[in-house]
Amino acid sequence: MDRLWTNARLATMAGDGIGLIEDGAIACRDGRIVYAGPSGSAPKAAETIDCEGRWITPGLIDCHTHLVHAGDRANEWAMRLEGASYEEIARAGGGILSTMRATRAASEAELVETALPRLDALLAEGVTTIEIKSGYGLTVEDELKMLRATRALGDVRDVRVTPTLLGAHAVPPEYAGRAAAYVDLVCDEMIPASVGLADAVDAFCEGIGFTPEQSGRVLAAARRAGLPVKLHAEQLSALGGASLAASHGALSADHLEHASEADIRAMAAAGTVAVLLPGAYYFMRETDLPPVGLFRAHGVPIAIATDCNPGTSPTTSLLLMLNMSATLFGLTVTEALRGVTVNAAGALGLADEIGTLDPGKACDLAIWDIRDPAELVYRIGFNPLHMRVKDGRCC
C-alpha cells in the first residue's frame, strides 16, 4: 500500500444513504482505493495518516460550470436590480453575447489565467472533479480555444477536468436571424472538430436559445460523433427539453424548474440525472421550484452544481450550493451530499471512476473538520476542509 488514512469516520456514499463507517480507514495504491472499511481490518501501508476522528467523503464534484470565460457582467446585474429581465438584457445584446465578445478577444493563456482564481476557490472547498462548458466563443476556433484552456487547467492544477462543448449556447450576431445556419455550423464543423478535446456536448434549449428541434439536431450530431450529451432544459419555460434529452440518452438534463411529470418519467426511463442549480435560481430570483418530489417519486437521481458563470450564477462555492439546495429546494442532507458526489459522478458519466469510496475507484477524498456531515449542508460561509486528496496525493 502507498498510503493509509485511519482513525476516520467515512461517508462512503455507497448504497442509498451516506454509507457511514465509524472508525474507518482508506488505503490506496497507485492512486486507486484498495480498501475502505473498519480501521481494525485495514492493510499496512508505507505511510499512515491519522485523521484524528475527522470525516472523509469522496472528493466533491461540480458537474455543471461555465468557469472559463473573460470579463464579467456586474453591470447587467445592476440592470436586473432596476427591473430589467434576463430576456430583455439578452435581446439588447447583453447576456451571453456580452461575455462572447470578451472571450473572443482573450487569448487561450488569458482564459486560463482568469479562470484560475475561480477554480482555486472551488478546490479549496474539496472539489476534485469539475465539468467546464465552452459556449462563449461561438465560432469553431473560439470554442476550441475555450476547450483547450479548459484542458490546460487540469495541467496546472491537481484536479480532474471534464470539458463540454456548448457551441449551441446562443446565436452569435453574425448569424442573427439565421439560427438554422448556425446550428449547421455546430453540427457539421464544430462538433467534429471538438472530438478529442470535449468529453460531452450540451445545448441551451430555451426560447432565448435554441428550439427543441434545433437542440435535437445538435444532440444527434454529437451522438454520431461518439460524444455523450447533456442539455440545459426547462429553466425559463416548458419546451419538453428534458424529454428530448432523455430521448437521446443524455447523461443529464440541467436546471429543470419547469420540467413536467412526462419529462421526469422519460428521464427515469433513460437514466438521465437531474442537475439542479440553486445558485442560478437564487441569483435570478426565480419562483418556480424544480419538481423535487417528482424526481424522488420516479427515482431520478439528483445532482447539485454551482453553474458558475458570469451572468446568472457568479458563485465559486459548492458548499453554499449544498445549503441552497436544502433551504430553497427542500433536499435532505443525504440528498444534498449525494448530489455533489455519487449523483454528480453519474451526471458526468464517471460513476465507475469517482463519487463513492469504493475499492477500484480513484482515491479522491475530502477530509473535513466536522462532527457530523449535516454541517456541510447546514453552515453558510464556512469551510471546514482539512485536506483534499486527488488520486491518492494530498494537495
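Contact here means heavy atoms within 4.5 Å, a cut-off to keep in mind as you click along. You are looking at a predicted model, in which local features need pLDDT of at least 70 and side-chain atom pairs count only at pLDDT 80 or more, while totals for chains, interfaces and linings use all residues. Residues are numbered from 1 along each chain as its sequence is written, and side-chain values use heavy atoms, with hydrogens and water left out.

**Stop 1: Tyr-35**

Select Tyr-35, which sits in strand S3 (residues 32–38); helices (H or I, at least four residues) and strands (E, at least two) are DSSP runs, numbered from the N terminus. Leaving aside residues up to four places away in sequence, Tyr-35 touches Ala-25, Ile-26, Ala-27, Ser-41, Ala-42, Pro-43 and Pro-359. Tyr-35 counts as buried, at 17% relative accessibility (buried means under 20% relative accessible area, exposed over 50%, partly exposed in between, with a 1.4 Å probe and protein chains only). Now add Tyr-175 and draw a distance: the two C-alpha atoms are separated by 55 Å, with these positions 140 residues apart along the chain.

**Stop 2: two positive phi values**

Next, pick Glu-52, in the loop between strand S4 (47–50) and strand S5 (55–58). Its phi is near 55°, a positive value in a residue other than glycine, and Glu-52 is exposed, with a relative accessible area of 56%. Then jump to Leu-138, in the loop between strand S7 (127–133) and H5. Leu-138 is not a glycine either, yet has a positive phi of about 65°. Is Leu-138 buried or exposed? At 0% relative accessibility, Leu-138 counts as buried.

**Stop 3: H5 and its partners**

Show helix H4 (residues 108–123) with helix H5 (residues 140–156): their axes come within 9 Å and cross at roughly 50°. Axes are lines fitted to C-alpha atoms, for helices over the stretch in contact, and angles run from 0 to 180 degrees between N-to-C directions. The angle makes H4 oblique to H5 (under 35 degrees counts as roughly parallel, over 145 as roughly antiparallel, 65 to 115 as roughly perpendicular and the rest as oblique). To see the contact, display Glu-108, Leu-111, Val-112, Ala-115, Leu-116 and Leu-119 in H4, which meet Lys-145, Met-146, Arg-148, Ala-149, Ala-152, Leu-153 and Val-156 in H5.

Keep H5 on screen and bring in helix H6 (residues 179–194). The H5 and H6 axes come within 10 Å and cross at roughly 35°. Here Val-140, Glu-143, Leu-144 and Leu-147 of H5 meet Leu-185, Glu-189, Met-190, Ala-193 and Ser-194 of H6.

**Stop 4: His-248**

Go on to His-248, in the loop between helix H8 (241–247) and strand S11 (252–255). His-248 counts as buried at 19% relative accessibility. Not counting residues up to four places away in sequence, His-248 touches Gly-216, Leu-219, Ala-220, Arg-223 and Val-229.

**Stop 5: the cysteines**

How many disulfides does the structure hold? Zero, where a disulfide is a pair of cysteine sulfur atoms within 2.5 Å. Select Cys-308 and Cys-63: the sulfur of Cys-308 is 13 Å from that of Cys-63, its closest cysteine sulfur, too far for a bond. Cys-308 is buried, with a relative accessible area of 2%. Finish at Cys-394, which is in no disulfide, the nearest cysteine sulfur being that of Cys-395, 7.5 Å away. Cys-394 is partly exposed, with a relative accessible area of 38%.
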